[in-house]
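Me: I am new to this structure. Please take a close look at a single part, the sheet with its packing helix, and then show me how some helices elsewhere meet.

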Amino acid sequence: MTKPHSEALCDAVVTLYETGDLDDERLKWLIDADGDVAEALFAHAQRRRQQWYGRDVYKRGLIEFTNYCRNDCYYCGIRASNRCVERYRLTHDEILTCCRVGYELGFRTFVLQGGEDLSFKDDELCALIRDIKAMHGDCAITLSIGERSHASYEALFAAGADRYLLRHETANAEHYARLHPSSLSLAHRKACLFDLKSIGFQVGSGFMVGSPGQTVDYLVEDLRFLQALGPAMIGIGPFIPHRETPFCDEPAGSLKRTLNLVAILRLMFPKALIPSTTALGTIDPNGRELGLKAGANVVMPNLSPVEYRKKYTLYDGKICMGEEAAQCVGCLRRRVEKAGFDLVVARGDTQVDGYEARR
């Protein structure tokens, strides 16, 4: 298909803004748009984000509580077969301390993230969730702990967890098999996401941009899968290689393509919560600010104890590894404000239809 003139592509941006959808071919062109077309894409995404969230940027306190993982995903630095990782698990009290510190710094959402660590049983996780809620009843709890059973998800939700992040990574089965060992399947990952949604979680999914073997057609499949899922949150970021993985020599994902996709996602999912990820800030010093200008409205500073952060390396070069939480938040606030936004104290629940905020 011959690439349309830039005027036709700008018209496509307007169509996407007005309808929230576009045919596959024009989506593919917008994914790699530059110049005036990219500027139009960002401007319309900003306008749509402004409609639902104004200038507000919500901060989430990330607590990386375990780097043990049973899986061996080929792109991940804490994969099970990486013998160079110094493994750790935060204690119940250490996690509560992270929450106390975060609350004092204005966080009203805590994100408990870890590898698929089978040592954390449902009873232990549920007790932790209940304790956090007892201490900070006005806060939301987000879990990002991978694939679990339906019964496990139900127990975690009943204990008080509000949100669950589980990126599908790629919606193409062949590509999924290239990124993961045969013990993992795209079908099961998708089933987990729909389970989480049926239970009542505010569900987040997303994908890597520029992962090995990815094509623009696969990215369109990702967008179509997200349309079918209807998530409350969508997290994307550029692929960044880790030196102790089979993909160590692969190139990182594109900043331009990632930013274009953030804007496309904002126009396709106007009410979704979309983070400007740490990975964006890792591949470009101004990456997180550019992500906000492309339509993102969430940032996720790290509340993990400093002594553990270098042990939770999903990819090489991750930023903010040595900063105390207060330093990190202060720096981020200045950067967010300089970019023209307000870092607010709020739970920041989604406005996506069908999702209820639990208090």
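Reply: What follows starts with the whole chain, goes to the sheet, and ends with two helix pairs.

The model is predicted. Its chain holds 14 helices and nine strands. The C-alpha atoms fill a box of roughly 60 × 40 × 40 Å along the principal axes. For 359 residues, a compact globule would have a radius of gyration near 21 Å. The chain has 19 Å, which agrees.

Now the sheet. Three strands build it, in the order β8-β1-β9. The sheet is open, and the pairing is parallel. In general, strands of a sheet pair through backbone hydrogen bonds, either parallel or antiparallel. At the edges stand β8, residues 298–299, and β9, residues 342–344. Each has a single partner strand, so one side of each is left without a neighbour in the sheet. Strand β1 covers residues 56–59. Two bridges join β1 to β8. One bridge partner can be named: tyrosine 58 is matched with valine 298 in β8.

A helix packs on this sheet. It is α14, residues 325–338. Helix α14 touches β1, β8 and β9. Its direction makes about 140° with that of β9.

Next, the helix pairs. Take α3, residues 35–53, and α10, residues 255–268. Their axes come within 9 Å and cross at roughly 45°. The two helices are therefore oblique to each other. The crossing is left-handed. On the α3 side, the contact is made by Ala38, Leu41, Phe42, His44, Ala45, Arg48, Arg49 and Tyr53. On the α10 side, Leu259, Asn260, Ala263, Ile264, Arg266 and Leu267 take part. By class, this contact has nine nonpolar, two polar and three charged residues.

The second pair is α2, residues 24–31, with α9, residues 216–229. Here the axes come within 10 Å and cross at roughly 110°. Helices α2 and α9 are therefore roughly perpendicular to each other. Their crossing is right-handed. From α2 come Asp24, Leu27, Lys28 and Ile31. They meet Val216, Asp217, Leu219, Val220, Leu223 and Arg224 in α9. The residues of this contact divide into six nonpolar, no polar and four charged.

To recap the pairs: α3 and α10 cross left-handed, whereas α2 and α9 cross right-handed. The α3–α10 contact includes two polar residues, while the α2–α9 contact has no polar residues.

Terms used. Residues numbered from 1 in each chain as written. Predicted model: local features only at pLDDT ≥ 70, side-chain atom pairs only at ≥ 80, totals over all residues. Heavy atoms only, no water. Axes fitted to C-alpha atoms, helices over the stretch in contact; angles between N-to-C directions. Helix = DSSP H or I, 4+ residues; strand = E, 2+ residues; numbered from the N terminus. Parallel < 35°, antiparallel > 145°, perpendicular 65-115°, else oblique. Left-handed = near helix turned anticlockwise from the far one by under 90°. Contact = heavy atoms within 4.5 Å. Nonpolar A, V, L, I, M, F, W, Y, C, P; charged D, E, K, R; others polar. Pairing = 2+ DSSP bridges. Rg over C-alpha atoms; globule rule 2.2 N^0.38 Å.
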